[in-house]
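Trainee: Hey, got a minute to walk me through this one?
Mentor: Sure, pull it up.

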2 protein chains.
Amino acid sequence: MHEQQRRRAGELLREKGIDAAFFASPASVTWLTGFAPPIQTGPHPFAAAPPLVWWDGERFTLIVVDGLAGAAAPFAAEPDGDVLTYQGYTIEAPIDSATHLRAVLRSLWERRSSSGLFRRIGLESWMIPAAVRDAMFGALFAAAHWTPIDGWLASLRAIKTEEELQKLRENFRLTDIAHAAARKAVHAGAREIDVWLAARQAVEAAAGCRVPMGNDCVVGYRTENIGGWPLDHALRPGDSIIVDLSTIRYGYWSDSCATYVADAPTPQQQAIHQVVGEALAFGASLLRPGAVAGEIDRRLRRFIADAGYPVYPHHSGHGVGVTGHEAPRIVPHSREILEPGMVVLLEPGVYFPGEIGVRLEDAFLITEEGAIQLTTHDKRL
Amino acid sequence: MHEQQRRRAGELLREKGIDAAFFASPASVTWLTGFAPPIQTGPHPFAAAPPLVWWDGERFTLIVVDGLAGAAAPFAAEPDGDVLTYQGYTIEAPIDSATHLRAVLRSLWERRSSSGLFRRIGLESWMIPAAVRDAMFGALFAAAHWTPIDGWLASLRAIKTEEELQKLRENFRLTDIAHAAARKAVHAGAREIDVWLAARQAVEAAAGCRVPMGNDCVVGYRTENIGGWPLDHALRPGDSIIVDLSTIRYGYWSDSCATYVADAPTPQQQAIHQVVGEALAFGASLLRPGAVAGEIDRRLRRFIADAGYPVYPHHSGHGVGVTGHEAPRIVPHSREILEPGMVVLLEPGVYFPGEIGVRLEDAFLITEEGAIQLTTHDKRL
């Protein structure tokens with residue numbers, strides 16, 4: 001599982017003169033190992049630190065609190081993978097996860113440092129807790145050996161493996177199901193939260209388990225009608241509602257958007273919806289290897305402006321994977337170049353704050369020939 | 001909002017010779033400020049670090065990514081509170097939250113250090129990212145000035161303020177609503193996830209917004225039938241199901257449990273359910289100021305053993321607040337003493353792994369006279 005990711009990461013790190021590395025960002029941990037702990041109620045209650053991955057130049061060691069041992073276990077079966085756990089919950093003594101984690105880190109470090117010295121150690125320094133760094137390397141270890149590697153894996157993550165595409169496809173399947181349910185739930189009198197709950201119900205019933213979900217569920221009359229979590233604003237006849245959904249199963253995000261109208265749409269809504277739909281189709285026609293992200297962005301914005309509408313203030317699109325927004329970013333000035341294996345969203349919109357918001361979004365896999373659409377939800381008004 | 005908490009924290013820190021302190025645990029941040037960011041899809045996607053609180057000996061400064069500015073704004077109106085934000089999302093440039101946060105931290109530190117030197121700075125060292133500590137204090141700042149203060153606020157948190165009780169009561173109200181819905185959803189053919197979804201639907205429809213939820217929804221025939229998130233295990237006639245629920249609104253957790261049976265319970269289930277109910281009532285009768293947590297635990301376990309059943313392997317209960325499990329822990333050997341203002345759960349259970357699990361749980365506020373029950377869900381079989 002995720003061997004290709006680890007191989008690519010190792011190559012990049014060695015190329016840049018890094019002997020060993022310590023990862024703590026949830027994105028890096030999931031991408032390197034496939035391990036995706038539950039997130040919906042916050043960090044694990046008895047963990048001293050987030051899940052960590054230590055790379056000693058050869059093997060990858062996933063370090064988690066014992067309450068996550070079951071979820072982490074598959075990684076121990078990997079040829080280059082180890083799992084270390086430390087005690088969290090116990091009724092026999094006060095909970096002291098930090099002491100247990102410190103002991104694991106010390107022994108991990110002592111074992112390795114006796115077999116060779118590391119000259120340059122990469123650290124995801126914005127995610128590694130200060131005490132983890134202190135515990136691992138000791139107070140006497142010179143800071144000169146540390147190199148911040150925050151964000152280094154981001155560009156590697158842009159090209160998806162077959163295994164990742166399977167996980168993404170399963171999420172897009174769930175999101176399609178969610179949209180079908182949301183569409184049915186839109187009618188005058190329903191609230192944003194009711195539409196949202198219909199989508200969530202459909203996803204978790206289909207998945208047979210809890211699934212974290214984003215993103216937006218906002219009626220047109222909200223002043224901030226571009227995005228936001230659902231509240232108890234009720235739909236009146238003729239109100240539009242943006243439903244922008246992600247599911248996060250196996251640690252991978254989907255993303256797609258549709259806009260619905262309670263009862264009958266007005267001619268203005270129909271006109272806007274048509275332009276946004278045409279913009280999305282136009283954007284999709286530009287997707288191919290070699291295309292420059294900033295150029296796609298520029299042409300999509302001009303398409304909206306040429307149609308006589310205000311240009312949306314957000315990105316035209318973005319990549320997706322172990323995070324909801326990642327490379328390539330389809331934004332002004334971006335010089336990122338599309339490559340086969342990238343998965344990108346396009347999401348043009350038209351907004352009149354406090355009145356109408358319309359956004360449509362599909363996902364695409366960049367291929368040698370162009371792009372394949374991964375989302376199949378009904379985006380009609 | 002939460003002035004009492006900040007006053008108590010300041011007193012404790014000064015008493016222990018701490019001049020200034022830096023907090024990063026979500027529990028500390030919410031408890032000190034009332035700020036409770038959304039958690040259900042993980043950390044904020046464009047934040048360089050978790051929300052931080054800096055105390056300079058007088059004022060508390062909440063530091064968040066600009067995407068959380070709205071949620072943080074009320075804290076700026078506090079007489080002793082400030083809010084600093086840093087740029088996260090932008091389409092005008094590559095996202096570089098870390099650079100923006102570093103600048104905020106440097107200016108915060110330079111401003112204060114010119115007005116006086118701190119001899120001892122407290123750090124929640126297991127939660128503060130290494131790069132945040134480096135950015136704030138600079139590489140030349142001697143580690144001798146740092147004192148780890150992880151967990152220091154935990155004992156202060158055990159006694160709830162009136163304001164916290166209001167937040168907890170709202171959560172217990174939501175959890176009661178959830179149980180009523182779960183009870184109705186239990187029937188042969190329903191799956192764990194269906195029962196869970198009924199509870200969630202009821203909570204979010206009543207709250208009019210998204211509400212993070214824990215804990216367990218497990219049928220008796222699961223080998224690990226004590227706890228776990230709902231899966232697609234279907235209830236057969238006569239199967240028991242433990243439904244242990246928390247809602248987390250305003251950053252505060254509720255917690256309560258009931259056990260239901262699909263269709264008609266067996267005599268064995270009835271007998272176990274009765275004993276667990278009696279144990280819970282017995283435990284409740286022991287709650288009063290001055291009672292020792294370990295003694296309540298011991299007597300509850302003996303109650304179950306005396307009834308001829310295996311004694312549960314988990315705690316007998318625990319406090320609740322900005323985390324789901326906090327002081328006082330009602331576990332063996334605990335010398336914690338109950339005091340008015342504490343909110344505790346009691347949750348005895350009887351488990352035959354892979355066959356039947358029964359747990360019942362109520363919440364209690366310790367008062368001068370004894371205890372008031374905060375949960376009102378129907379716990380009958």
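Trainee: How do chain A and chain B lie relative to each other?
Mentor: In this predicted model, a turn of 180° and a shift of 0.0 Å along the axis lay chain A on chain B with an RMSD of 0.0 Å (least-squares superposition on C-alpha atoms of residues with pLDDT of at least 70 in both). That's the relation of a two-fold axis.

Trainee: And which surface serves both copies?
Mentor: The same one: 100% of the contact residues of chain A recur in chain B. Contact means that C-beta atoms, placed from the backbone, lie within 7 Å.

Trainee: How many residues does the contact take from each chain?
Mentor: It takes 48 residues from chain A and 48 residues from chain B. On the side of chain A that touches chain B, the largest share, six residues, comes from α8(A).

Trainee: New topic: at what angle do α9 and α10 of chain B cross?
Mentor: Roughly 155°, with the axes of α9(B) (residues 267-285) and α10(B) (residues 293-306) coming within 10 Å. The two are therefore roughly antiparallel to each other (that takes an angle over 145 degrees).

Trainee: Which residues meet there?
Mentor: From α9(B), Ala279(B), Phe282(B) and Gly283(B) meet Ile296(B), Leu300(B), Phe303(B) and Ile304(B) of α10(B).

Trainee: Anything on numbering and confidence?
Mentor: Residues count from 1 along each chain as its sequence is written, and chains are lettered from A and ligands numbered from 1 in the order in which they are written. Local features need pLDDT of at least 70, side-chain atom pairs count only at pLDDT 80 or more, and totals for chains, interfaces and linings use all residues.

Methods
Contact = placed C-beta atoms within 7 Å. Helix = DSSP H or I, 4+ residues; strand = E, 2+ residues; numbered from the N terminus. Axes fitted to C-alpha atoms, helices over the stretch in contact; angles between N-to-C directions. Parallel < 35°, antiparallel > 145°, perpendicular 65-115°, else oblique.
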